[in-house]
Amino acid sequence: MPHFVSPLTSKFPAANTCSRMDKSSYIEDNLAALFKFWSPILFLGGAILFMLFAGLDYVTTPENFRTFLAWRISIAGGLLVVYFITVRNKHRGIRFHKNLIYLGILGASITIESMVLRTGGHASPYYMGMGLIGIWIIAFFPTSFLFSLINAVTVYCVYLAPILISGRITDTRTFIIANTFLVALLSSSLLLRTINFNRLINELSLKFDLEEHRNLLEQLVVDRTERMTETVDNLQKEIVEREHAEQALENASTEWRVIFDAAKDIIMMLDQDFHIMRTNKAAAVFWNSSFAEIIGKPFSGLFRCDEMNYNMDPLSLMMQSRKHEERELYLADHDLWVLASVDPLLDNERKLTGAVVIIKDINDIKRMQDSIRKARDEWEETFNVINDAITIHDDKFSIIQANKAAKDLLRAPFHEVEMRKCYEAYHGVDKPPASCGACRTQQTGESSVTEMFEPHLNRYLETKALPRMDRQGRFLGTVHIVRDITDRKKAEEEQRKLQDELLQVQKMDSIGRLAGAIAHDFNNILSAIIGFSKLALLKVSDNDPVAEDLRIISESGERAAALTRQLLAFSRKQVLEMKVVNLNTVIENMVKMIGRLIGAQVALDLELHTPLGNIVADVGQLEQILMNLLVNARDAMPSGGHITIQTAETGPPKERDKDIADGQFVLLSVTDTGTGMSPEVKERIFEPFFTTKGRGKGTGLGLSTAYGIVQQHNGHIVVRSEPGQGTTFEFYFPLVDREVEKTVEYKQSVLVRGTETVLVVDDEPTILKLVASTLRPLGYNLLEASSGENAMRTGDAYPGSIDLLLTDVVMPGINGAQLADKLRERRPGINVIFMSGYTDDALGRQSDDDSSLVLIQKPLTPLVIAKKVREALDRGNSRRTTMPVDSDHDRMRILYADDDEANRLLVKKYVDSFPCLLDLCENGRVAVDKYQTGEYDIVLMDMQMPVMDGLSACRTIREWERDHQTATTPIIALTGFASSEESRACLDAGCTTCLTKPISREALLSSIGQYTQQIKRSSRKRQDIDVRVDKGLQELVPGYLTNRRTDVNNLRKAAEDNDYETIRILGHTMKGSGGGYGFDAVTEIGGQLEKAAMDHDHEECRKMITKLSEYLDFVRVTYE
Amino acid sequence: MAKIKILIAEDDKDTVELYRKGLAEDLFEMRFALNGKETLDVYGEWQPDIIVLDIVMPVMTGYSVLKEIREKMNDRTTKIVMATSLKKKHDIIDCSKLGIHGYIIKPFQYNEIGSIIIDYLKKASPPQE
């Protein structure tokens, strides 16, 4: 687009770049371009002009033509050269071009001037040439005023200067005209130039502005076009995207539908009225209906009303709460548990517009929950049913679970046990005790078993503690299995006590044996010492110096004897001489001695109750008790005090043991005001060898002796004592309703005389000698024997009557008791006195008020011997007349065996009014002999007898009966012990029944009556064996007997094969069952068989088998 | 009241009949074992209140059964009554050391056996709290 007004400048190249320039540089650049455009044209035109003016020369100055031509050619050539230089160097700066112009003007001017000078100088017409140059240069060149001025001046100067220098101005007028024209010409050109230049500048300026605006416009157009293009692109892109989105939406809709239908849960959308708007396939399947049937239905119409009751209905709940609700429902029609959850659909104002209901099948979950609950319940039931207490602990000692037994044990409901520390609950302490193994398990994780007494619970507990580990083996805590072993511990404790008691008994027993063994010999020796010293004393006068020595010997002997007696009493081996006595009398007789014993410092008060009932006692032993007590009382009161002895009649002691019988007692109490006893001492006072006295002062036997004596008298002791309060001992003796026997009392100091014959037996010669030395001088006829056998011979050989047997009890060979029995057989009515240091089984210890049994306790003194002999003889004479002999065959015949004559007399009295014959004997052996020879209807058998005891006698009798196949005679056992064990033993031995002593008349007579009524005396040898069996066993007995018959066959076979083991077993079995069925004989035979089999006694076995067989053949059972 | 569970070890069938007769059925729930081995089996599965052990039995004696129960199984609470016809005190004493609650001497009267066993049960019961 052309931007120059001038057609000449239209091609000007700088035009396009002007927009980036400022205005001045734009003008400058355009001026320079114009300048460079015009300068070559001017140089070329000048050269042409120079040549053209050669013609003028030819006309005016032909003479200078030639010269001028040459000049003209050279300058034209020079101008042409400059022209080329200019064309060639267009790109060079403006100054370069201006300098070339200067050079051209200078060359042209000088050439013209030269012509001027040749043609007349100042008058030459050639000055016009100079003017032409000026116009050419100034008018045509688009230059600044300054440049044009310099050029004008230069041209003028080049004209004027040489003229002036030559100085020959001849024609002044011409000169002036020439100069004036020239200057005017130059000035006009200059003015033109200036105006022109300014116009050019303005034009360029406008042109620049125009250019500028055009550029701006162009730029605007470009920008807008770009924006438009961009908008169009975006629009296109959006269209594509929307297409994609629409596609995706369509896909999503399909997917959603698929998912909705694929859901297993029933999903329903309900409208405002809870009608079903939309639902999924699961609903259609569940209700087995098409969508069309379901949609539009009310939601509640899908369920039975009982399935959707008000409380359970999540829809109702949601209506109230306006939020998500869910409930488990049981759909009975489908037998299905479901979880129905409802979410409200709310609009912007929170108004309910519908609901979404999801119904989920939770049957499996329910079933799982049920089985878990069931498993848990089972576990808990099991846990709770266990007898042992079980507690589960965490690793911090806290109980986290406890079973019922544990709660019972800890006496707390679970919430009190839970989270308690185990040591609090079990031990009642606030930190784990070091002794508790379970607590150690808690700390170390090693299982343990601990037995501990918990005072807190008052129980013995056996605690098994086991660590609990998880699967990684980390310690979680412990389980405690706690067993209450209190009962076991108590039982063990009791057993230990029993053991202790047993030990005590054994101890006493061995002491007793020792004492007995010593006493026997000791008393013989002491008899000699005391006896002979006493005899010697009788022979010397009191004044004799020997008398005093003899007294000392005698007294020392008596002290030794007292000690021996003490030892025997303590070991309960002493011979008791039981008599009916009155305690008051005993005490009164002792007063004098008591006074000596306790000394003057202690006052004695007697508070004796009169009248006082009698007791059966050994006076010596009673004295012994009192002595021992008084010595203790005295020692408890070193600085004096009071001793009170009281007697009274009373009931049983308040602190009665279980074995104290009811009834009346005589009380003897001894009270001191001494130091008293601590409970610890009180507990041990009856232990042998326990003493609080200093060494050598007490033997520790006093009270244990007293205790032993009281026991032997069936009495009881009660001790009351407090430290500092004195001590009271109370003794209770059973009261008896009998009179004190009047005995002929001889004055102690007089030796009574007699003339009767006395047989003295002792294996100790000194005793024989002592007795002989005592009695012979008194007038008695004395027979002596050193042993039982000798005595028998002497007795047999002596023709006269023997009035009295005075015999030692313990002797080698025939002992005293046996000797007495034998002599009584041969010489009925003979009186017997036993001499004994102590008693063993040869003489019944339990001699109860046996007036015929006279005892002299060793050691013997002449006084006692004389007195006892006299007493015995006197009593025997009075009694002999009352021995009844009756032989009435119609009367019932009773055999009574008892070693105790008192009992024999008692029973005799009891049956006096009864029509019977009573046969008495002293021991089992005699009883058996009598039974076998005589015929008795009933046997009364004491169980404790010398020679042969009642049990053995019974067995022997039963054996004999079987051997002789006679009917069993009832045997009534009389025992002193009321234990069931004892009575069972009696029955086992074959006794019919068992009575416990003391026996009342009524009991005895009714028993005799009961068991003899059924006896037919004439049937002693009959074949049938009558057995009475309890009716309750009626159905069992025939089978039992059949089994025994089978046994007989088996036994026979076993006996043939010598198969003793089988016999033993069968025998043992029969032994165990026979009596139970009422067949005592079977038990008996069974026992015999067992024994025979063990002994491999073939003969006996056969015998017993036959016996069994016969028994079975003849047995006749009656049921009652 | 629950019945008393009694296990009776007895090898003789006739004696078993006597027990059956003597122990009232409304008071006792009875089981019988014919030998020691069987006794232990029944004991293991039944937990009786009281056991009557015949000392002399085949296979395993009553004493061994007692020892097994008291020592090996460490049961010291089940009541045990020994039945014996030996009448040998030391047998009973040996048993006592292992812990028994009583003994029955054979032959026994069938109408007494119930009260004997009840006596032993009562005696052995711990004091009521």
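User: Before we start, what does buried area mean here?
Analyst: Buried area is the accessible area, taken with a 1.4 Å probe, that two parts lose on being put together, summed over both. This is a predicted model, where local features need pLDDT of at least 70 and side-chain atom pairs count only at pLDDT 80 or more, while totals for chains, interfaces and linings use all residues. Residues are numbered from 1 along each chain as its sequence is written, chains are lettered from A and ligands numbered from 1 in the order in which they are written, and side-chain values use heavy atoms, with hydrogens and water left out.

User: OK, so how much area is buried between chain A and chain B?
Analyst: About 2500 Å², with carbon and sulfur atoms giving 47% of that. A:Arg984, A:Asp988 and A:His1068 supply 20% of the area that chain A buries against chain B, more than any other three residues.

User: And how many residues does the contact take from each chain?
Analyst: Chain A puts in 30 residues and chain B 27 residues, where contact means heavy atoms within 4.5 Å.

User: How many polar contacts and salt bridges cross the interface?
Analyst: The rule finds 10 residue pairs in polar contact across the interface of chain A and chain B, both residues at pLDDT 80 or more. A polar contact is a pair of N or O atoms within 3.5 Å; within protein, one must be able to donate a hydrogen and the other to accept it, and residues adjacent in sequence count only if both atoms are side-chain atoms. There are also 2 salt bridges across that interface, each being a side-chain nitrogen of Lys or Arg within 4 Å of a carboxyl oxygen of Asp or Glu. A:Glu1035 and B:Lys21 meet in a salt bridge through their side chains, at 2.9 Å from N to O.

User: Which element gives the largest share of chain A's side?
Analyst: That's α32(A), with 5 residues of the side of chain A that touches chain B. Helices here are DSSP runs (H or I, at least four residues) and strands are too (E, at least two), numbered from the N terminus. By class, that side of chain A has 4 nonpolar, 11 polar and 15 charged residues. Ala, Val, Leu, Ile, Met, Phe, Trp, Tyr, Cys and Pro count as nonpolar, Asp, Glu, Lys and Arg as charged, and the others, Gly among them, as polar.

User: Switching topic: how many salt bridges over all chains?
Analyst: The count comes to 48. One of them joins A:Arg1044 to A:Asp1047, with the closest N and O atoms 2.7 Å apart.

User: Are those two buried or exposed?
Analyst: Both A:Arg1044 and A:Asp1047 are buried, meaning under 20% relative accessible area, with exposed over 50% and partly exposed in between (1.4 Å probe, protein chains only). They sit 3 residues apart in helix α31 of chain A, so about one helical turn separates A:Arg1044 and A:Asp1047.

User: Which residues do shared partners join into one network?
Analyst: A:Glu451, A:Glu462, A:Arg488, A:Lys489 and A:Glu492. Within it, A:Glu492 and A:Lys489 meet at 4.0 Å, N to O, and A:Glu492 is partly exposed at 35% relative accessible area.

User: What about the largest nonpolar core?
Analyst: That core has 52 residues, and those with the most contacts inside it are A:Phe1079, B:Tyr19, B:Ile104 and B:Ile117. A nonpolar core is a set of buried Ala, Val, Leu, Ile, Met, Phe, Trp, Tyr and Cys residues joined through side-chain atoms within 4.5 Å. α31(A) gives the most to this core, with 7 residues.
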